[in-house]
Amino acid sequence: MSGRPDSDTGPEAADSQAAADQDESHDLLDESDDLPHESDDLLDGSDDLLEDARRARWTAAGTGAALTLAGLAAALLRLIRSAPALVPAAYAGGAAVCAAAAVLGSRGRTRRALWLLIAGVMVMALGDQFD
């Protein structure tokens, strides 16, 4: 289908077809008032985005706090037992990095908080390797 009128139709038929198409498009525009507007869809989508952002903030803050407590507990346990001084220092340093990640996560900087959580756990793992 080329989109051109057949050769046996005259210009009157092509003009009447264009007029009919234009009338149909006006009818569709009139019926579009019954449909929900795009702004309503955007507002619904923004509520979902806000919920996702809120969930990400709570997850980052909660994970950072849990890893901070775990790192501090491990540092205290290593201080009580005879271990090289570098081991509890590594656990405490990792816990401090995770605490910073928890603060960043609670402020909405979830991507940076994620990277700090990874770095903090890696520092704690380094302390475990020294043990």
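About how many helical turns separate E51 and R54 in helix α2? Being three residues apart in that helix, E51 and R54 are separated by about one helical turn, and their side chains meet in a salt bridge with an N to O distance of 2.9 Å. The model in which this pair is found is a predicted one, and the paragraphs below begin with the chain as a whole before returning to this pair and to the helices.

The protein chain has four helices and zero strands, so that, read along the sequence, it follows the pattern α-α-α-α. Of its 131 residues, 18% count as buried, where buried means a relative accessible area under 20%. The accessible surface of the protein chain comes to about 9,800 Å², and 60% of that surface belongs to carbon and sulfur atoms. Among the contacts in the protein chain with a separation of 6 or more, 66% are accounted for by residues that stand 24 or more positions apart.

A search of the whole structure finds three salt bridges, and the pair with which this text opened is one of them. E51 is partly exposed, with a relative accessible area of 36%, and R54, at 38% relative accessibility, likewise counts as partly exposed. In the salt bridge between D52 and R55, the side chains meet at 3.3 Å, N to O; both residues lie in helix α2, three residues apart, which is about one turn of the helix. D52 is partly exposed at a relative accessible area of 41%, and R55 is partly exposed as well, with a value of 46%.

The salt bridge that R78 forms with D128 has its closest N and O atoms 4.0 Å apart. Because R78 lies in helix α2 and D128 in helix α4, this pair ties together parts that are 50 residues apart in sequence. The two partners fall into separate classes of exposure, for R78 counts as buried at 16% relative accessibility, whereas D128 is partly exposed, with a relative accessible area of 39%. The helix that holds R78, α2, covers residues 38-80. Leaving aside its neighbours within four places in sequence, R78 is in contact with A83, V87, P88, Y91, D128 and D131, and of these V87, P88 and Y91 are among the buried residues of α3.

Helix α3 takes in residues 86-106, and its geometry can be checked against a simple expectation: at 1.5 Å a residue, its 21 residues should span 30 Å, and its end C-alpha atoms are indeed 30 Å apart, which agrees. The buried residues of α3 are V87, P88, A90, Y91, G94, A95, C98, A101, A102 and G105. They cover an arc of only 155 degrees around the axis, which puts them on the same side of α3. Just after this helix, G108 takes a positive phi of about 100 degrees.

Helix α4 comprises residues 110-130, and the same kind of check can be applied to it. At 1.5 Å a residue, the 21 residues of α4 should span 30 Å, and the distance of 30 Å between its end C-alpha atoms agrees with that expectation. Which residues of α4 are buried? They are A113, L117, G120, M124 and G127. Seen down the axis of α4, these buried residues fall within an arc of 80 degrees, so they line one face of the helix. On the other side of α4, R111, R112, W115, M122 and Q129 are exposed.

The surface of this region also carries a nonpolar patch of about 450 Å², which is made by L114, W115, I118 and M122. Two of the patch residues, W115 and M122, are among the exposed residues on the other side of α4, while I118, which is found in α4 as well, is partly exposed, with a relative accessible area of 35%. I118 can take part in such a patch because membership calls for over 30% relative accessible area, a cut-off that its value of 35% passes.

Notes
Residues are numbered from 1 along each chain as its sequence is written. This is a predicted model: local features need pLDDT of at least 70, side-chain atom pairs count only at pLDDT 80 or more; totals for chains, interfaces and linings use all residues. Side-chain values use heavy atoms; hydrogens and water are left out. Patches are made of residues with over 30% relative accessible area and no salt bridge: like charges are joined within 9 Å, nonpolar side chains (Val, Leu, Ile, Met, Phe, Trp, Tyr) within 5 Å. Accessible areas come from the Shrake-Rupley method with a 1.4 Å probe; for residues, only the protein chains shown count as cover. Buried means under 20% relative accessible area, exposed over 50%, partly exposed in between (1.4 Å probe, protein chains only). The expected span of a helix is 1.5 Å times one less than its number of residues. The arc is that of the directions from the helix axis to the C-beta atoms. Contact means heavy atoms within 4.5 Å.
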